[in-house]
Structures are given as C-alpha cells and as structure tokens.
Amino acid sequence: MSRQLELTPQRGDALLLVDMQNDFLPGGASAVASGDQVIAVLNAWLARFAAAGLPVFATRDWHPAQHCSFQTQGGPWPPHCVASTHGAGLTGSLHWPSGTQIISKATVPDAEAYSGFSHTDLHERLQAAEVTRLFVGGLATDYCVLETVLAALQHGYRVVLLQDGVRAVEVQAGDGKRAIAQMMAAGAVLLEG
Ligand SMILES: [Zn+2]
C-alpha cells in the first residue's frame, strides 16, 4: 500500500485537535504566534473527517481562576483559558462537526496537564469509538501537542502529525522543530501538507 493511501483517513481513525481555543490564537491571552495559520488547514481536515463519518475530538485547557500554571500563581504562563470564559472557548473559526467530543484538561488548581490524556477520559472515549490511529493538529507544537502525541503513542495509538496544522510557542528558538523530532523519534508519522 502506498504511503499516501495509508494516510487517507479510514475506519479506526480519529481527528484530534489540541487546544484550538480563543486564548491561544492571535488576540488571546496566551497567543501562539501565527496560530491562526492552522485554521484553513484544520478546517480542511475537519471537513474530510466529517464527510467520512469519522470521529473528531477536541481538547481544551479548562483552568480554574487560580491555576498553578499562571504567572500570578508563580507559573510560566499568563492567565489563560479560565473555564467558561470566552478565552477558553473553542475557536469559532473552525467548522466543528456536530458530535465533536470535547475533552477538558488541567481543571484543578494545583496540577498542570499539557496532555489530553492526563486525568481525562480521552483514552476510554477513543476505545469506545474503536479508534486506533489519531491525526493530530493544534496548539502548541512544543507543549500540549507534544505531550498529547507522546501520551497517545504510549497508550498504543498510531499517530499522524499534521505538520501544517500545528504551530509552536518557541520560548527557545527551535523548540518546535525539536518537538517534532521528538514525536517522530517516539513513532509519530509526519504528514506534510
Ligand atoms: Zn493552560
């Protein structure tokens, strides 16, 4: 089977979009530079999965107001994605199919969770949907995408990383590239375009 055929979404596949929330997009409280450049790419993937009747999952940061990751609490990030605020909302620029399953993470004050599998029922929901392979895009490459992909591989899923559907924070220049290399070394397949 050709590589291209193998990478066509099929039964057993799900699309997993990481943290496509207002606060991580330009204008948001903790914006990823050029994060909006993934919108058109991910809308094309959403349409592809919806047309094929394949499941779509969306993770979201869903923090209490005093979350430990906030600079106000001694953490590394500006306050962002406080539960039920506009900033925590999934962006309306993506055409979410009805039936999109939303996974909230990092919901307690004293624990950070970059991975969508961390203290959530994502694994159980994927198993219930008989998913074995994840197509992953979203924000940000070097944090929540990285940790979600590594956790997915550890749980035994195959992972296709959508290269044009992710963007990095780059606290240090090159963090995005290093994160992609780390995901590929762990077994993720990189899909260009
Ligand atoms: Zn967060």
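**Meeting the zinc site and its surroundings**

Trainee: Which residues coordinate the zinc ion?
Mentor: The coordinating atoms sit at 2.0 to 2.1 Å. Donors here are N, O and S atoms within 2.8 Å of the metal (3.2 Å for Na, K and Ca), and water is not among the atoms, so sites may look incomplete. The residues are Asp61 (OD), His63 (NE2) and His80 (NE2).

Trainee: Before we go on, what kind of model is this?
Mentor: Residues are numbered from 1 along each chain as its sequence is written, and side-chain values use heavy atoms, with hydrogens and water left out. Local features need pLDDT of at least 70, side-chain atom pairs count only at pLDDT 80 or more, and totals for chains, interfaces and linings use all residues, since the model is predicted.

Trainee: How are the zinc donor residues spaced in sequence?
Mentor: Reading along the chain, the pattern is D-x1-H-x16-H. That pairs up distant parts: Asp61 belongs to strand β2 (residues 56-61), while His80 is in the loop between β2 and β3 (101-105). Helices (H or I, at least four residues) and strands (E, at least two) are DSSP runs, numbered from the N terminus. From Asp61 to His80, the separation is 19 residues.

Trainee: Are Asp61 and His80 buried or exposed?
Mentor: Buried means under 20% relative accessible area, exposed over 50%, and partly exposed in between (1.4 Å probe, protein chains only). By that yardstick, Asp61 and His80 are both buried.

Trainee: Which backbone oxygen does the side chain of Gln21 reach?
Mentor: Gln21 sits in the loop between β1 and α2 (39-51), and it counts as buried because its relative accessible area is 0%. Leaving out residues up to four places away in sequence, it touches several others, including the zinc donor Asp61 as well as Arg60 and Cys81 (contact means heavy atoms within 4.5 Å). At 2.9 Å, the side chain of Gln21 reaches the backbone oxygen of Ala88.

Trainee: What is the relative accessible area of Phe57?
Mentor: Phe57 is another residue of strand β2. Setting aside neighbours within four places in sequence, its contacts include Ala14, Leu15, Leu16 and Leu17, along with Leu122, Arg125 and Leu126. Phe57 is buried because its relative accessible area is 0%.

Trainee: How many residues of helix α4 are buried?
Mentor: Helix α4 spans residues 141-154 and is mostly covered. The covering elements include β1, β3, β4 (133-139), β5 (158-167) and α5 (175-185). Among the buried residues are Tyr143, Cys144 and Leu153. Of the 14 residues in α4, the buried number is 12.

Trainee: Which two residues does the cis peptide bond join?
Mentor: Most residues other than glycine have a negative phi, and most peptide bonds are trans. Here the cis bond has an omega of about -15°. One partner, Ala140, is found in the loop between β4 and α4. The bond joins Leu139 and Ala140.

Trainee: What phi does Asp19 have?
Mentor: Asp19 is placed in the loop between β1 and α2, where Ser34 is also found. Ser34 has a positive phi of about 65° although it is not a glycine, and it is partly exposed because its relative accessible area is 30%. Asp19 counts as buried because its relative accessibility is 0%. Its phi is positive too, in a residue other than glycine, near 55°.

Conventions
Polar contact = N/O pair within 3.5 Å; in protein donor to acceptor, adjacent residues only side chain to side chain.
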